[in-house]
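User: I am new to reading protein models. Could you take me through a few features, with the general idea before the case at hand?

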Amino acid sequence: LVEMSKEFHESLLDFDINDDTMLQHMSDYEHRMDDLTHEIFVQLGENFITPFDREDISHLASGLDDIAYFMYASAKYIYLYKAPLDPAYTEFTLLIYKSCLEIQIALKNLNDFKDPKAVKESCIKINSFENIADDVLSQAIVKLFETNDAIKIMKVKSVLEYLETVTDKAEDVANTIDSILIKYA
């Protein structure tokens, strides 16, 4: 997810609607995440001893997969709609990238419950990024509605909502991690 979100953000900084390389890469990342999620579910069915509750692992894996799916969906609709890029897109992708970095930090520190304080701090940052994303969405929609192009409004609003959903999914993962931390601390 860190690699995917970083590439997504960097690709939008230098975006070319006629070059679908970024979309292909997002699709590849999403498929790899699907494969990893499937493998986790297979392993959950085959192993008797897990680092923490199977349901929590399943919920965490599904949440991570959702982040990848909505990132890919956002990229897909940016290309399909061929609408001009809204400046809020890169604000969102930066927040998504930062959220994925914090998820990575939280998961590393959750391993063997080495540093519960660091896990909690990462979860708080992810929640903060999601709150910022809510504000970015509100401001972008207000600005978007100042235009008179109804088709553009529909296209851009749809992409903005997909991007904001990615931050919602990151917050869901943070909440799952928080829940695991509470159970095992």
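Analyst: What follows covers salt bridges, a buried charge, a cavity and two pockets. Keep in mind that this is a predicted model.

User: Let us begin with charges. What is the general idea behind a salt bridge, and how many salt bridges does the whole structure have?

Analyst: Side chains of opposite charge can pair when their charged atoms come close. The cut-off here is a side-chain nitrogen of Lys or Arg within 4 Å of a carboxyl oxygen of Asp or Glu. A search of the whole structure finds six salt bridges.

User: Which side chain does E102 meet in a salt bridge?

Analyst: E102 pairs with K125, at 3.8 Å from N to O. E102 sits in helix α4, while K125 sits in helix α5 (residues 116–144). The two are 23 residues apart, and the pair links distant parts of the chain.

User: Are E102 and K125 buried or exposed?

Analyst: To answer that, compare the relative accessible area with the cut-offs: buried means under 20%, exposed over 50%, and partly exposed in between. E102 has 11%, so E102 is buried. K125 has 41%, so K125 counts as partly exposed.

User: Which residue forms a salt bridge with D178, and how far apart are the closest N and O atoms?

Analyst: The partner of D178 is K120, and their closest N and O atoms are 3.1 Å apart. Because D178 belongs to helix α6 and K120 to helix α5, this salt bridge ties together parts that are 58 residues apart in sequence. D178 is buried, with a relative accessible area of 13%. K120 is partly exposed, with a relative accessible area of 36%.

User: Where do E161 and K157 lie?

Analyst: Both are in helix α6, four residues apart, which is about one turn of the helix. E161 and K157 form a salt bridge, with the closest N and O atoms 2.5 Å apart. E161 is partly exposed, at 32% relative accessibility. K157 is also partly exposed, at 26%.

User: Now a charge without a partner. Which side chain of opposite charge is nearest to E30, and how far away is it?

Analyst: The general step is to find the nearest opposite charge and set its distance against the 4 Å cut-off for a salt bridge. For E30 that side chain is K76, 8.9 Å away. E30 is buried yet has no salt bridge.

User: What is E30 in contact with, leaving aside its neighbours within four places in sequence?

Analyst: E30 itself is placed in helix α2 (residues 21–46). Its contacts beyond those neighbours are M4, A68, Y69 and Y72.

User: Next, empty space. What separates a cavity from a pocket, and how many cavities of 30 Å³ or more are there?

Analyst: A probe that fits in a cavity cannot get out, whereas a pocket is open. The search of the whole structure finds one cavity of 30 Å³ or more. The largest cavity has a volume of about 30 Å³.

User: Which residues line the largest cavity?

Analyst: The lining consists of I78, Y81, A83, Y89, K155, V156 and V159. Helices α3 (54–81) and α6 (150–184) each supply at least two residues of this lining. The largest share, three residues, comes from α6. By class, six of the lining residues are nonpolar, none is polar and one is charged.

User: What volume does the largest pocket have, and which residues are closest to its centre?

Analyst: Its volume is about 470 Å³. There are 18 lining residues, and the closest to the centre are L1, V2, M33, L36 and L64. At least two lining residues come from each of α1 (2–13), α2, α3 and α4 (87–110). Helix α2 has the largest share, with six residues. The lining divides into 13 nonpolar, two polar and three charged residues.

User: How many residues line the second largest pocket, and which lie nearest its centre?

Analyst: The second largest pocket has 12 lining residues, with P51, F52, L60, L107 and L110 nearest its centre. The elements giving two or more residues to this lining are α3 and α4. Helix α3 gives the most, with four residues. The space in this pocket is about 270 Å³. Its lining has 10 nonpolar residues, one polar and one charged.

Technical notes. Residues are numbered from 1 along each chain as its sequence is written. This is a predicted model: local features need pLDDT of at least 70, side-chain atom pairs count only at pLDDT 80 or more; totals for chains, interfaces and linings use all residues. Side-chain values use heavy atoms; hydrogens and water are left out. Buried means under 20% relative accessible area, exposed over 50%, partly exposed in between (1.4 Å probe, protein chains only). Lys and Arg count as positive and Asp and Glu as negative; His and the chain ends are not counted. Contact means heavy atoms within 4.5 Å. On a 1 Å grid over the protein atoms alone, a cavity is a set of points where a 1.4 Å probe fits but cannot get out, and a pocket is an open set with protein on both sides within 12 Å along at least five of seven lines; lining residues have an atom within 4 Å of a point. Grid points are joined across faces, edges and corners, and a volume is the space filled by probe spheres set on the points. Ala, Val, Leu, Ile, Met, Phe, Trp, Tyr, Cys and Pro count as nonpolar, Asp, Glu, Lys and Arg as charged, and the others, Gly among them, as polar.
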